[in-house]
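Open the model in your viewer and keep the sequence panel beside it. This tour moves from stop to stop, saying what to select and what is found there.

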Amino acid sequence: MYLFAMDSVPRRVGEIDWETWKPTERATLLFVLQDGHILLIHKKTGLGAGKINGPGGRIDPGETAMQGAVREVQEELCVTPTGVRQAGELYFQFTDGYALHGSVFTASGYRGELCETHEAAPIWTPLENIPYEKMWADDALWLPMLLEGRGFMGYFVFEGDRMLDSQVNEPEAEISESWKRQASS
């Protein structure tokens, strides 16, 4: 169920009361960082098909965000990420009424052998050559923060795959500490 009548869907981040905003779905992204490279995927199915992104997807009922992130990497790339920690949060409002909350994670490694699946093809990319032009427009705003080890909270309004407005902040210290505690438990 969408929160807004079609004629009243906000087109600017500041028009949304993010305190009461409710997502239609919850999802994850997880980026493995190793030896100056980032593990990206060419997404073959679902939201963002055809784009370059991190592995991820919807959180299943009963899963935590971290459990969902690990499962999605296993399903999309046949490996299990290790050294997983939360990096940030993303909030997307689409003008068609769809709303998505994304939890973003990093991993320092993985177990298993990477393989292409019907959902995704793995792409090891040097950190200095990230193909932002083939990714969602918001990625260029928060991914550099992730790579610097800084937490982030991003708020976005999209019309289809076109970003209309954005705001990216560093979270308050207590939120960052909460993420660190979650990752260690």
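A residue is called buried when its relative accessible area is under 20%, exposed when it is over 50%, and partly exposed in between, using a 1.4 Å probe and protein chains only. The model is predicted, so local features need pLDDT of at least 70 and side-chain atom pairs count only at pLDDT 80 or more, while totals for chains, interfaces and linings use all residues. Residues are numbered from 1 along each chain as its sequence is written, and side-chain values use heavy atoms, with hydrogens and water left out.

**The whole chain**

Show the protein chain as a cartoon. Helices (H or I, at least four residues) and strands (E, at least two) are DSSP runs numbered from the N terminus. The protein chain has three helices and eleven strands, in the order β-β-β-β-α-β-β-β-β-β-α-β-β-α along the sequence. Of its 185 residues, 50% count as buried.

**Strand S7 and its neighbours**

Select residues 99-107, which make up strand S7. How many of the nine residues of S7 are buried? Nine of the nine are. One side carries Ala99, His101, Ser103, Phe105 and Ala107, the other Leu100, Gly102, Val104 and Thr106, and both faces are covered.

Next add strands S1 (residues 25-34) and S6 (residues 85-94). Two strands pair if DSSP finds at least two bridges between them. S1 and S7 are paired in the parallel sense over eight bridges; to see one position, select arginine 26, which stands opposite histidine 101 in S7. S6 and S7 run antiparallel and are also joined by eight bridges. Here glutamate 89 has serine 103 of S7 as its bridge partner.

Now follow the chain from S6 into S7. The two strands form a hairpin with four residues between them, and glycine 97 in the turn has a positive phi of about 105 degrees.

**The aromatic rings**

Show the side chains of Phe, Tyr and Trp. Their rings (for Trp, the six-membered ring) pair if the centres lie within 6.5 Å; planes under 30 degrees apart count as stacked, over 60 as edge-to-face and the rest as tilted. The count comes to 14 aromatic pairs. In one of them, phenylalanine 94 and tyrosine 98 have ring centres 5.6 Å apart and planes at 45 degrees, so this pair is tilted. Phenylalanine 94 is buried, at 7% relative accessible area, and tyrosine 98 is buried too, at 11%.

Move on to tryptophan 136 and phenylalanine 158. Their pair is edge-to-face, with 5.4 Å from centre to centre and 90 degrees between the planes. Tryptophan 136 is in the loop between strand S9 (120-126) and helix H2 (139-147), and phenylalanine 158 is in strand S10 (residues 152-159), so the pair ties together parts that are 22 residues apart in sequence. Both residues are buried.

Select Phe92, Phe94, Tyr98, Trp136, Phe156 and Phe158 together: ring pairs link them into a cluster. Then add lysine 51. A charge sits over a ring if NZ of Lys or CZ of Arg is within 6 Å of the ring centre and within 35 degrees of the ring normal. The charged end of lysine 51 sits over the ring of tryptophan 136, 5.0 Å from its centre.

**The disulfide**

A disulfide is a covalent bond between the sulfur atoms of two cysteines. Here one is counted for a pair of cysteine sulfur atoms within 2.5 Å, and there is one disulfide. Select cysteine 78 and cysteine 115, whose sulfur atoms are 2.5 Å apart. The link is left-handed, with -55 degrees about the S-S bond. Cysteine 78 lies in the loop between helix H1 (65-77) and strand S5 (80-82), and cysteine 115 in the loop between strand S8 (109-111) and S9, so the pair ties together parts that are 37 residues apart in sequence. Cysteine 78 is partly exposed, at 39% relative accessibility, and cysteine 115 is partly exposed as well, at 27%.

**A contact across the sequence**

For the last stop, select proline 23, in the segment before S1, and phenylalanine 92. These two are 69 residues apart in sequence and 8.2 Å apart in space, C-alpha to C-alpha. Is proline 23 buried or partly exposed? With a relative accessible area of 31%, proline 23 is partly exposed.
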